[in-house]
Each structure stands twice: as C-alpha cells, then as structure tokens.
Amino acid sequence: MTIKTLLSNHQDLVQLAYFAIIMVLLWIGEAFFTAGLAHEKFKHTRINLLFIFTALPIQLLMVSIVLMIAVWTNLHHWGLINYLPMHKNFWTYYITMFVLMDLCEYIYHVTMHKLDFLWKFHLVHHSDLKVDVSTTVREHPGETFVRMSFQMLWVFLLGPAAAVLVLRQTVQTFSNIAAHTQFRLPERTNRIIGLIFITPNLHHVHHHYQLPYTDCNYGDVLSVWDRLFGTYAELGKKETVYGVDTHMDPEKNSKIRSILKIPFQKLERK
Ligand SMILES: [Zn+2]
Ligand SMILES: [Zn+2]
C-alpha cells in the first residue's frame, strides 16, 4: 500500500492529525507570545479539551454517514450542483461548491443563535470567558450532533463530491482555529483580509458578551455573507469582553458538569 492510498483511505484520521497539529502549534505560539500566566492557560485548555472526548465519537460516526450520502448523491447525480451550469469545469465546480457550503454554514450558525432550544447548546461555545485556540473545541455534544445533522442535509441538497468535502474541511479547520487564536491581525491587514475572510479580529467580536455583537460575524470561512445580510460588525480589542451575559459565572463556566447541563436549564433571555 502506497502512502497516497493510505492517506486517501484514512482521510478522517488525516484530518484529525492536521487539526491537532495546527491547534498545538498555535497554542504553543500563544503560550510564548501572549501575556498571561502559564498555569491559567493550562487550566483553561484542560476544560475545553475535555469536549474532544464527548465530540469525537459523534463526529467520527456522523462523518462516515456524511461521506456515504456524498457517494450516493454523486452516484445518482443528485443535488443542486447538477442544475448549475458551472459544474462541468473543475475549478468553477470546486469554487461554487465551496462557496455554497460556506453559505450553508452561515445559515446553520444563524439558526443556532435564533432558535432558543438550539441556542442553549451553542451558548456553551460562547460561555468561554477567555478565547484562545482551545475555544475551537468547546462544543456541547448536543451541538456536535445538530451540526453534523445539518451537514448531512447540506450534502444531500447540494451533492458535493467527497473531494470537495475534504478540501472544505481542510480550509475550515485552519480558518476556525485561526479565528479563535489570541493573535490578532494588524488593523490594516484585517481590513483587507476581512473583506472576504473571517479573521480572528472579526470572530472575537462574535464572542463579545452582549448583543448586538454576539449576533454578528456569523461567517465560517467567508465574511461576505455577514456583509451581504447585514450582520457584519467591528469592535476594538479593548472593548471586547468574552462570554455570554446570562452565563458570566467563572466558577460554573469552568466545570464540565455544569457546562454540559446548560441546555437543559431554563433559558434566561440574552
Ligand atoms: Zn455563535
Ligand atoms: Zn467561536
């Protein structure tokens, strides 16, 4: 078996290793270059990393179903892509599918904020009172299930090839981890890159504890949807306070048991 076939047969593990490498590298960078006590950073990271253990089994199981759906849609020429004129050309096909899937992620994220019973799961991600690369994996297992269910729906509706899903996952992993890093882009660079992409500066605004900022910058990889649908916002580093105004207790926010219970408690209005 060549390395190439080994890698293509175990894409899920390759993606997992890639995710871990980016996260560890950025985490080390944060530990060295940003101010803060080392033991505080370890404590914060430890809580968030526990969510990997609850998410991973759900994620891996559901990814295999997503891939099965992709194989089925391609075999039966099913999905919106077959009705779009650009699907015959390699480049336009990949770009169109990537952009459409990014729009789906935007819709998913808005839905998680706007429906109360889904917000109770998603607010676990927002309840982090410090945001660093480890916040990327702070996700309630209930949200992992909902996120992957939505992904099944998008794949069924659009009909992307499995290779598009791999490309998307590769870009998405980098973008999502980078969006949570404590490093921020210089203002000028942010203005240029932020025209198209979600930058750490833009995602930090989304983690601000109060409305209307919590309900802004929903974009996953691209920021164009926020600009297009009027949910784009900017906020300076000094003004940004991480968390959710209904869940600001540091004690509760750092205990995995109390965090996991959040979706099953009565929701106070934001
Ligand atoms: Zn959110
Ligand atoms: Zn986030």
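His-77 sits in the loop that joins helices α3 and α4. The structure is a predicted model. Two zinc ions, ligand 1 and ligand 2, are placed 6.0 Å apart in it. This briefing covers the two metal sites, the loops and their backbone features, the regions annotated in UniProt, and the cavity.

**The site of the zinc ion (ligand 1)**

- The zinc ion (ligand 1) is coordinated by the NE2 atoms of His-109, His-113, His-122, His-126 and His-206.
- The distances from these donor atoms to the zinc ion (ligand 1) run from 2.1 to 2.2 Å.
- Along the chain, the donor residues of the zinc ion (ligand 1) follow the pattern H-x3-H-x8-H-x3-H-x79-H.
- Two of these donors, His-113 and His-122, are both buried.

**The site of the zinc ion (ligand 2)**

- His-125, His-180, His-203 and His-207 coordinate the zinc ion (ligand 2), each through NE2, at 2.1 Å.
- In sequence, the donors of the zinc ion (ligand 2) are spaced H-x54-H-x22-H-x3-H.
- The pair His-180 and His-207 links distant parts of the chain, with the two positions 27 residues apart in sequence: His-180 belongs to helix α7 (residues 162-180), and His-207 to the loop between α9 (200-206) and α10 (224-228).
- His-180 counts as buried because its relative accessibility is 5%, under the cut-off of 20%.
- His-207, at 0% relative accessibility, is therefore also classed as buried.
- What is the arrangement of the four donor atoms around the zinc ion (ligand 2)? The arrangement is irregular, because the donor atoms subtend angles of 90 to 165 degrees.
- Four donors would count as tetrahedral only if all angles lay between 85 and 135 degrees, and the angles at the zinc ion (ligand 2) reach 165 degrees.

**The loop between α3 and α4**

- The loop lies between α3 (38-75) and α4 (90-114), and Ile-81 is found in it.
- His-77 is another residue of this loop, and its phi is near 50 degrees, a positive value in a residue other than glycine.
- Is His-77 buried or exposed? His-77 counts as exposed because its relative accessibility is 62%, over the cut-off of 50%.
- Ile-81, by contrast, is buried, with a relative accessible area of 3%.
- The C-alpha atoms of Ile-81 and Tyr-93 are 8.1 Å apart in space, and the two residues are twelve apart in sequence.
- Asn-74 is located in helix α3.
- Asn-74 is partly exposed, since its relative accessible area is 32%, a value between the 20% and 50% cut-offs.
- Asn-74 and Arg-168 are separated by 94 residues in sequence, and their C-alpha atoms by 17 Å in space.

**The loop between α9 and α10**

- Pro-212 lies in the loop between α9 and α10.
- The peptide bond that leads from Leu-211 to Pro-212 is cis, with omega near 5 degrees.
- Asn-217 is placed in the loop between α9 and α10, and its phi is near 50 degrees, which is positive in a residue other than glycine.
- Asn-217 counts as buried because its relative accessibility is 0%.
- The metal donor His-207 also belongs to the loop between α9 and α10.

**Regions annotated in UniProt**

- An unreviewed UniProt entry gives the annotation "transmembrane region" to residues 16-37, 49-71, 91-108 and 148-167.
- Residues 49-71 are 100% helix and 0% strand, and their end C-alpha atoms lie 32 Å apart.
- Residues 91-108 are 100% helix and 0% strand, with 26 Å between the end C-alpha atoms.
- The unreviewed entry in UniProt also lists residues 95-231 as "domain: Fatty acid hydroxylase".
- Over residues 95-231 the chain is 64% helix and 0% strand, and the end C-alpha atoms of the span are 23 Å apart.

**The cavity**

- How many cavities of 30 Å³ or more does the structure hold? The structure holds one such cavity.
- The volume of the largest cavity is about 30 Å³.
- The lining of the largest cavity consists of Lys-120, Leu-123, His-247, Ile-262, Gln-265, Lys-266, Leu-267 and Glu-268.
- By type, the residues of this lining are three nonpolar, two polar and three charged.

Key. Residues numbered from 1 in each chain as written. Chains lettered and ligands numbered in written order. Predicted model: local features only at pLDDT ≥ 70, side-chain atom pairs only at ≥ 80, totals over all residues. Heavy atoms only, no water. Donors = N, O, S within 2.8 Å, 3.2 Å for Na, K, Ca; no water. Buried < 20%, exposed > 50% of the residue type's maximum accessible area, 1.4 Å probe, protein only. Tetrahedral: all angles 85-135°; square planar, octahedral: opposite > 155°, others 65-115°. Helix = DSSP H or I, 4+ residues; strand = E, 2+ residues; numbered from the N terminus. 1 Å grid on protein atoms, 1.4 Å probe; cavity = no way out; pocket = protein on both sides within 12 Å on 5 of 7 lines; lining within 4 Å. Points joined across faces, edges and corners; volume = space filled by probe spheres on them. Nonpolar A, V, L, I, M, F, W, Y, C, P; charged D, E, K, R; others polar. UniProt positions renumbered as here; feature names shortened; annotations may be inferred.
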